[in-house]
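Here is a set of exercises to work through with the structure open beside you. Try each task before you read its solution.

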Amino acid sequence: MSVTELEFQAHSVEAAPAEAIQGRSQWQLTWRRLRHDKMAIASIVVILIVALLAILAPVFASLLGHGPYQAFTSKGLSVDGLPVAPGVNGFPLGTDYVGRDLLVRILYGARISLFVGISTTAMATVLGVAVGLVAGYFGGWIDTVLARFIDAVLAFPIIVLALALAAIYGSSLLIVIAVITFFSWAGISRIVRGQTLSIKEKEYIEAARSLGAGPWRIMFIDILPNLLGPVLVLATLYIPTAIVFEATLSFLGIGIPAPTPSWGIILSEAQQFYQTSWWYVVFPAAALLITTLAFNLLGDGVRDAMDPRTERLFAGSTKRRKRKAAAPAGPDATPPAAAAAGMGG
Amino acid sequence: MSETLPRDAAAGAVPDPEFEDDVLVRVDNLVKYFPIKAGGLISRTVGHVQAVDGVSLKVGRGQTIGLVGETGCGKSTLARCIAGLLPATSGTVTFEGKNITNLSRRAMRPYRREIQMIFQDPYGSLNPRRRVGAIIGDPFTIHRTATGNERKRAVQELMERVGLNPEHYNRFPAEFSGGQRQRIGVARALALRPKLIIADEPVSALDVSIQAQVLNLLSDLQDDFGLSYLFIAHDLSVVKHVSDAVLVMYLGRVAEQGPGDLVYATPRHPYSVALLSAAPAADPDSAAARQRVILTGDVPSPINPPSGCRFHPRCPKAQELCSQQEPALESKAGDPQEHRTACHFPVETGENLATAGGRSPR
């Protein structure tokens with residue numbers, strides 16, 4: 001944190017006592033810690049850039065004059081019929097095996113990857129939280145049935161199911177999303193169920209019951225806010241898993257059908273060309289790697305910010321240490337809000 | 001605010017014609033056994049924890065009943081059965097002439113407003129993720145008695161009434177001290193203007209200096225709102241300070257009950273004597289002069305309680321009869337009718353138990 005920021009903080013606390021009274025929520029505290037995690041902030045920036053590029057894919061396509069399905073058989077392929085290298089004939093990242101612009105296809109692929117990653121994680125989270133809460137809170141036979149079902153899903157051979165579904169219904173985006181969602185919610189459910197089992201024994205749940213609160217109110221108003229932290233961390237880490245999963249299914253030919261630009265499909269096509277056209281493999285693989293790495297690092301950052309007790313090896317904490325050292329030297333009036341914020345959470 | 005809805009709207013509560021008008025709650029022969037399950041998938045009951053075994057009591061309007069006993073004697077279980085948080089195995093709870101034992105959640109709803117609880121742990125009883133305003137406002141939300149700004153105003157009035165700064169409406173429980181948190185719990189219990197507040201060791205988790213403040217608050221509120229308290233504690237000096245009548249429990253049964261001053265001046269049950277002698281006295285001179293009765297051994301398992309008088313294995317006055325026959329709860333040694341003791345050999349006034357015969361300490 002810079003000196004000006006420190007000054008600004010001290011200033012705002014002095015100037016606005018009303019603000020000091022407002023307690024900081026779990027989310028405010030998490031964000032404050034996350035803000036100082038260089039790795040997490042870099043990840044957020046990378047993810048935002050990827051998202052922006054995905055949104056702007058049609059703009060790039062029209063600027064270059066290359067559509068994602070447009071094959072340039074003359075200028076997009078060399079005389080041997082091989083893909084052209086990056087920078088040649090106005091293809092910034094070269095072309096693929098039928099002469100399509102690789103950059104445009106990778107950008108469109110980002111749309112698929114982000115869409116699949118985020119939509120499946122969102123659905124799996126909602127489903128997982130609902131099932132976990134119901135199983136954990138009601139207990140008894142409901143819990144027995146749901147917990148066994150969760151175990152069954154977690155034990156299921158996923159590729160086999162995907163293959164079977166693709167064979168029956170043909171491969172499609174919908175089936176990919178359905179398969180990934182179906183195999184993602186169970187993990188979240190199991191965590192939520194465990195947390196619910198421990199939280200429901202707390203005295204404040206009994207207090208809610210003594211006020212006459214019904215089971216749904218207790219589950220969603222009293223229990224849910226207490227487990228949103230772990231769920232958020234889990235969800236952040238499920239997004240890259242889902243992205244890789246989609247790429248894997250597409251690579252194997254049981255995911256998104258072929259002409260659609262998906263990173264998995266591009267990599268699958270590139271298999272035959274890696275000896276002659278390095279760019280064909282390197283760029284889509286790099287896109288996949290950078291995106292999933294950013295989500296994973298962000299998930300780690302969120303976890304650390306949620307639970308400040310865990311120390312990470314490479315967390316950028318030099319500034320934090322400096323700040324601690326600088327704190328006693330500052331004006332003797334320690335901002336009460338800052339002190340309270342440090343303890344809470 | 002709380003008078004807007006009809007109070008006896010729910011069906012299911014059976015009126016009791018023999019109910020006295022000055023009694024708010026009557027508990028008759030209440031029993032709570034917890035089954036002990038064994039086996040995995042198909043579980044069977046292999047025994048019972050006899051947490052509460054046939055307790056009767058009355059709480060008069062505006063009265064405070066103190067409930068004392070060691071940890072594990074069934075005080076909290078009894079409280080939760082009365083509050084309808086645990087189903088009773090048998091026996092009845094009658095509130096203002098209506099049987100409210102084991103009502104469904106819906107049928108119990110109007111009585112939730114009349115019977116509220118204050119919990120022991122000021123840290124565990126407040127949801128750490130919710131703001132104080134929301135916690136205290138919960139009763140209004142759940143019973144739909146106030147919304148929006150009206151609710152906020154009601155909550156801030158309550159906060160002020162219990163000695164909290166209403167400006168702290170938006171803070172989280174973690175930002176308050178133990179005493180302040182217990183005040184939040186009191187405000188929440190008070191929100192619906194109940195007639196009975198069951199306080200389950202409300203001050204035992206607090207600093208001694210804070211205990212008095214909270215106790216005084218509770219007694220002020222009793223005067224202002226005409227509350228009745230069922231006050232649970234294991235600290236006899238606290239109970240002495242607040243109670244009109246005292247009930248001493250041992251292993252799920254009532255050992256002795258009666259008006260506070262009588263039980264404190266002339267305890268009849270050896271267990272009461274031992275409990276009283278264990279309470280620290282503020283005056284060192286009187287403390288030195290007092291006889292100390294030190295009980296040996298632990299509280300026996302409530303799964304398999306001793307035969308006859310449940311206290312006999314630890315009782316300095318125990319004789320053959322005590323292990324065979326269960327003593328009835330009745331007035332002993334010329335005590336008035338309302339001072340009752342369940343003991344075959346009640347302690348005489350002035351008798352020194354520390355040197356009494358019977359079993360020597362193991």
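Two residues are in contact if their C-beta atoms, placed from the backbone, lie within 7 Å. Keep in mind that this is a predicted model.

**Exercise 1. The contact between the chains**

Task: Find how many residues each chain gives to the contact, and describe the side that belongs to chain B.

Solution:
- Step 1. Count each side: chain A brings 22 residues and chain B brings 27 residues.
- Step 2. Look for the elements on the chain B side. Helix α2 (105-112), strand β7 (115-118) and helix α3 (132-142) of chain B each supply at least two residues there.
- Step 3. Sort that side by class: 11 residues are charged, nine are nonpolar and seven are polar.
- Step 4. Now zoom in on α2(B), where B:P110, B:Y111 and B:R112 are buried. The cover over the buried residues of α2(B) includes α10 (203-210) of chain A, along with β5 (90-95) and β7 of chain B.

**Exercise 2. Two domains in chain B**

Task: Work out which element of domain 1 gives the most to the side that touches domain 2 in chain B.

Solution:
- Step 1. Mark the domains of chain B: domain 1 covers 2-243 and domain 2 covers 267-362.
- Step 2. Count the contact between them: domain 1 of chain B gives 12 residues and domain 2 of chain B gives seven residues.
- Step 3. On the domain 1 side, β3 (44-60) and α7 (236-242) of chain B each supply at least two residues. The one that gives the most is β3(B), with five residues.
- Step 4. By class, the domain 1 side holds six nonpolar, five polar and one charged residues.

**Exercise 3. The largest nonpolar core**

Task: Find the residues that touch the most other members of the largest nonpolar core, and explain why this core lies between the two domains of chain B.

Solution:
- Step 1. The largest nonpolar core has 163 residues, and B:I82, B:A187, B:I198, B:L230 and B:F231 touch the most other members.
- Step 2. Helix α6 (residues 102-138) of chain A gives the most to this core, with 17 residues.
- Step 3. Domain 1 (2-243) and domain 2 (267-362) of chain B both contribute residues to the core, so it lies between them.
- Step 4. Take B:L230 as an example. Leaving out residues up to four places away in sequence, B:L230 touches B:V59, B:I65, B:L67, B:A79, B:I82, B:L196 and B:I198.
- Step 5. Here is a general idea to take away: in soluble globular proteins, nonpolar side chains tend to be buried together.

**Exercise 4. A residue in chain A**

Task: Decide whether A:V129 is buried or exposed, and list its contacts beyond four places in sequence.

Solution:
- Step 1. Start with the setting: chain A has 15 helices and zero strands, and buried residues make up 39% of its 345 residues.
- Step 2. Locate A:V129 in helix α6 of chain A.
- Step 3. Apply the cut-off: a residue is buried if 20 or more other C-beta atoms lie within 10 Å of its own. A:V129 has 25 other C-beta atoms within 10 Å, so A:V129 is buried.
- Step 4. Setting aside neighbours within four places in sequence, A:V129 is in contact with A:I188, A:V192 and A:V231.

**Exercise 5. A sheet in chain B**

Task: Trace the open sheet of eight strands in chain B, then examine strand β10(B) and its partners.

Solution:
- Step 1. The strand order is β7-β8-β9-β4-β10-β11-β13-β12 (chain B), and the pairing is mixed.
- Step 2. At the edges stand β7 and β12 (329-330) of chain B; each has a single partner strand, so one side of each is left without a neighbour in the sheet.
- Step 3. Turn to β10(B). Its pairing with β4(B) is parallel, over four bridges, and B:G66 stands opposite B:V246. Its pairing with β11(B) is antiparallel, over six bridges, and B:V248 stands opposite B:E256.
- Step 4. Follow the turn: β10(B) and β11(B) form a hairpin with two residues between them, and B:L251 in the turn has a positive phi of about 50°.
- Step 5. Check the two faces of β10(B). B:A245, B:L247 and B:M249 are buried on one side, and B:V246, B:V248 and B:Y250 are buried on the other.
- Step 6. Finish with β11 (residues 253-259) of chain B, which is joined to β13 (residues 340-342) of chain B by two bridges in an antiparallel pairing. There, B:Q257 stands opposite B:R340.

Methods
Residues are numbered from 1 along each chain as its sequence is written. Chains are lettered from A and ligands numbered from 1 in the order in which they are written. This is a predicted model: local features need pLDDT of at least 70, side-chain atom pairs count only at pLDDT 80 or more; totals for chains, interfaces and linings use all residues. Ala, Val, Leu, Ile, Met, Phe, Trp, Tyr, Cys and Pro count as nonpolar, Asp, Glu, Lys and Arg as charged, and the others, Gly among them, as polar. Domain bounds come from an automatic or database domain assignment. A nonpolar core is a set of buried Ala, Val, Leu, Ile, Met, Phe, Trp, Tyr and Cys residues joined through C-beta atoms within 7 Å. A residue is buried if 20 or more other C-beta atoms lie within 10 Å of its own, exposed if 12 or fewer, and partly exposed in between; C-beta atoms are placed from the backbone. Two strands pair if DSSP finds at least two bridges between them.
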